Every structure is written in C-alpha cells, then in structure tokens.
Amino acid sequence: MNATKFAKGAIFPIAALIVWEAAMRIGNVQSDSLAAPSQIAAAFYQALIDGTIPRRTGETLRTALTGLALGGGAAVIVSVILGLVPAAARLMQFSIEVLRPVPAVALIPVAIMTLGFGYGMGIALVAFACFWPVLIYGHSAIVNIEPQLLDVSRVLRLGAFGRVTKIVLPAALPRYFVAFRLSAAVALIISVTVEIAANPLGIGHELMTASQSLHPDLMFAMLLWLGLVGWAVNAVLLFAQRRLFGPAAYSASLQ
Amino acid sequence: MSPVVRLLWFGGSVAVTALLVLLWQLIATYSGIPPVFLPGPDRAWNALVAGIGTGELTRLTWATVERMLYGWVLASMLGIALGALIGSSRRAREYIGPTLELVRPVPVSAFMPIVMAFLGLSGRMVLVVIAIGSIWPVLLATVHGVSNVEPRLLEVSRSLRFSRFQTLWKFALPNAQTDILAGMRLGLTVALVLAVIGEMLASEAGLGYHILTTARSYRSDQLFAGVILLGLIGLASNLVLQAIEWRVLRWRRR
C-alpha cells in the first residue's frame, strides 16, 4: 500500500526528468541557462567531491543555526517576562506590532553598512527574523500554562527564578521546541536570501555565482541540494520532536 | 475588560513605543556613534519628509508596492486555480502532491538566480520571481482546504447530483476560504521580501534598490527613511489582509 503510494508520487517527477533529458538531447540544446538532468547530476557529484558542497553547506548552516540560537534565545527570555507579567505584555504590544512586520531583508543594507560582509551580518539578520515567531509562540505557550501548575509553585513558595526554571519552562518546553522547529525554516530562508542578495558565503552565494557565470548545471545542482538541506533540517527536527516530546508537541503544533 | 480600560492600555503601549523612539534619539545624540552609522529619528524623519516632498520617495514606494501587488495577484489567481484543480481530484493529489512537497522546502529566494539565468536582470525577472515565490503558500493552502471537505457535505453534493465543478464551487472552495486567505497573507509577505531582493539584484527602481544605494553612499538618514517605509508597507498590507479576512469569514463566526 505504502509502496504504491510512493510509486504514484514518484511517477510525475521521474517522467519530467526523462522528458527533460530527452528534449535536451534530441534538440541538442546548448544553453547558458538550462542543463540536462545528467549534466546536473555530474555537476552535483563534482561539487560534492571537490568540497564545494560541504564547505558551502557548513557556511549556510553556521549562519542559520547561530542566528536561530541568538534570536530564539533572546525571544525565550522576553516571552517568559511578557508571559508572566501581563502588564508588560500589554505595554509592549504596540512596539511589537510595529516592529514585527519590518522585513528582515530590508535591513540587509543596514547590516552591510554597520557590520560589513561576513558571518556577522547574516547571523544578525537571521536572529532578527527568528526573534518574532519564537516570541509569539513562546508568549502564547506561557499564557496557556495550566493555572494549577502556577498554584503549585505558589504552594511550594518557589522564588521567581525557581518558578521559571522548575515550573514554567518545563511546562512550555514542547511548544518552544515547535517554535524553534518552525523558525529553523525561517533561519534557512533568511540566511540563503542574504547570501543571494549580498553576502559572499554559503549555498546561496554558490547558486548566485553559478547563475552569473553561466553554469546552469552547477546552478540546478545547488538548487536541488538546497531543497535537500531544507527537507533534512525539518525531518531531523520533526524526528527529535517526536522522540523527545511525543503527543505533547503534536498537540502544541496544532494550536 | 471594559473598552475604556482597554483604550488606556493601548495608549500606554503607544507611549512605551514613543519612549523607545526617544531612547533611540538620546543614544543617537549622546552616545558618540557617528550619525553616519546611527542617524537619530529626527534625521530619519527629516529625510522621510524631504523625500516625500520632492515626490522621490512616493514614486519609489509606489513602484515597490505595485510590483509586489502585481506578482501577488498573479500568484494568488494561479495558486487558487491550480490548487483547486489538484485538490479536488484524488488522482491529481496522489500523483502531483508528493512533487509539491518536494519543492516546498526550497527557500523561495533561491528561484531568483534561476529566473535570472533565463530572463536576465530586468523588471520582468523580478515580477516572475515574485509570482513563483508567492504562489506556494496559496497553492498548498488551497490544495489542503479543498481536499478536506466534511464528508457529509460531499454526500449532500452527490445526492444533489452536482457536477465536479459545482461541488468545487459550492462546497470545496467556500470550505477552503480560511486556508486560502491565510495562504494569501503569507504570500503577500513573501511578495514584499522578493520585491525588495529583486530590486536590489536587478537595480530596478524601487525602495529595495533605493536602500541599497543609500547604504553604499553612507546616506544613512535616507536609508532609515526607506527601511521605515518598507516596515509601513509590511504593516499596512498585513492590516488590510486581516480586515479582508475578518469581513470574508464573518459568516463562519455565526
């Protein structure tokens, strides 16, 4: 049953690849913008063994993960404060609603000017972009904590620090994990976008150079690889989520 | 909470924002950071007013908004049509669905170098990239919404002997409204991002290219004015879409 399902899903892309390859060969197409699947596969293999793909992937993931850790980490702290102090949440609301819609890419020129090219600007922009989703998810996670748990912390006479580390964060952890998983996709998108637009690093830059130096085989190979990386990052985090939190995270991701 | 109290809290949160702007002003004036890197809100505001006065900024803003809207409308129409086609047929879902899932994790900005290789650096390239990028959220949301109709409604449509098109029009699409609107909202955000990046890369007139050139020549007050305008576009488009969602989905709340 599952095999049939897989086979049905595979027919369309495989047929497209065959038609593509055949058209390129029969028409004997020599193009600066299109390459046959066989050429793309060759370029992919070449980039894999000469170290281009591992190096570029490392650069992109370093930017994405560092930015996610910094932006998401800051958002966890802020969301705990806003979640536990409703007055603070109401007072910050307008500022958050005004700042949140600023597209991270609009800050690219600001980052170029103040930080220059390199990891710093990519990380800063990823951190900005990842801050908001983690803040919003985290805040709703804290607000929706079972009130009885907070009563427990009061009965136990926990201090503010003990209450946060022993009750609030463990209770909200599955939702925070979901927030980080969704933000990981944002982090990858923003780091690649910054690489394409400006920063001479990572998969995005390799893709851009391949396009501008008229190497369609390498260009499509990098696009393919980027899809695989995006898929793998999500798959790994989904797996971790199921192993670590099980149904708790499942219900959290539905809300 | 009574409306008066709510209004007071809202006023308080606006006041906090004003305080933050004041803090920015104080840092810019007294911290010793050269205004080239950190212009105060006063300088950014002056640049904004001057730019609107000459008509320059209004023209650039409109160019970006127009690009974003054209690409988004194109993507939404195509996305809903294709999504309805794929979503309403079980066979199409089985055969094409997995391919869509395969393309979904690719960051949309990665399509830009590909389209550039075909169309070169031009306004047309930017428009095509916006359309390709912002079609995904709409398409996937439509497929999801159209294919998840309450089974009893499908039984009703069968007993009324509705054609496939009638079922789609009368049951599946109204059912998918929430999903489609959410997808369109996401698509509009993507469209703005791609419009900005596209203008930067293709040197097409608009706010995206404007903020890049002002940064390169260290006219940071104009740069900040541009960033503020882009933030306003993001805010305004989100509010408009929310208002549309609220109106269109009113029948669901009853």
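Me: How many salt bridges does a search of the whole structure find over all chains?

Reply: The search finds 12. A salt bridge is a side-chain nitrogen of Lys or Arg within 4 Å of a carboxyl oxygen of Asp or Glu. This is a predicted model, where local features need pLDDT of at least 70, side-chain atom pairs count only at pLDDT 80 or more, and totals for chains, interfaces and linings use all residues. Residues are numbered from 1 along each chain as its sequence is written, chains are lettered from A and ligands numbered from 1 in the order in which they are written, and side-chain values use heavy atoms, with hydrogens and water left out.

Me: What makes A:Arg25 and A:Glu21 a salt bridge?

Reply: Their side chains meet at 2.7 Å, N to O. The cut-off is 4 Å, so the pair qualifies. Both residues lie in helix H1 (residues 2-26) of chain A, 4 residues apart, about one turn of the helix. Helices here are DSSP runs (H or I, at least four residues), numbered from the N terminus.

Me: Which salt bridge joins A:Lys8 to chain B?

Reply: A:Lys8 pairs with B:Glu94, the closest N and O atoms being 3.0 Å apart. The count between chain B and chain A is 1.

Me: How is the size of an interface often given?

Reply: As the accessible area lost when the parts come together. Between chain B and chain A about 3900 Å² is buried, and carbon and sulfur atoms give 81% of that. B:Trp9, B:Tyr95 and B:Pro107 supply 14% of the area that chain B buries against chain A, more than any other three residues. Buried area is the accessible area (1.4 Å probe) that two parts lose on being put together, summed over both.

Me: How many residues does each chain bring to the contact?

Reply: Chain B brings 44 and chain A brings 43. Contact means heavy atoms within 4.5 Å.

Me: Why is H8(A) called roughly antiparallel to H10(A)?

Reply: The axes of helix H8 (residues 160-197) and helix H10 (residues 216-245) of chain A cross at roughly 170° and come within 10 Å. Axes are lines fitted to C-alpha atoms, for helices over the stretch in contact, and angles run from 0 to 180 degrees between N-to-C directions. Angles over 145 degrees count as roughly antiparallel, so the label applies. Among the residues that meet are A:Phe177 in H8(A) and A:Leu237 in H10(A).

Me: What makes H3(B) oblique to H9(B)?

Reply: The axes of helix H3 (residues 56-88) of chain B and H9(B) cross at roughly 130° and come within 8 Å. Under 35 degrees is roughly parallel, 65 to 115 roughly perpendicular, and the rest, outside the antiparallel range, oblique. That makes H3(B) oblique to H9(B). B:Leu57 in H3(B) and B:His210 in H9(B) are among the residues that meet.

Technical notes
Helix = DSSP H or I, 4+ residues; strand = E, 2+ residues; numbered from the N terminus.
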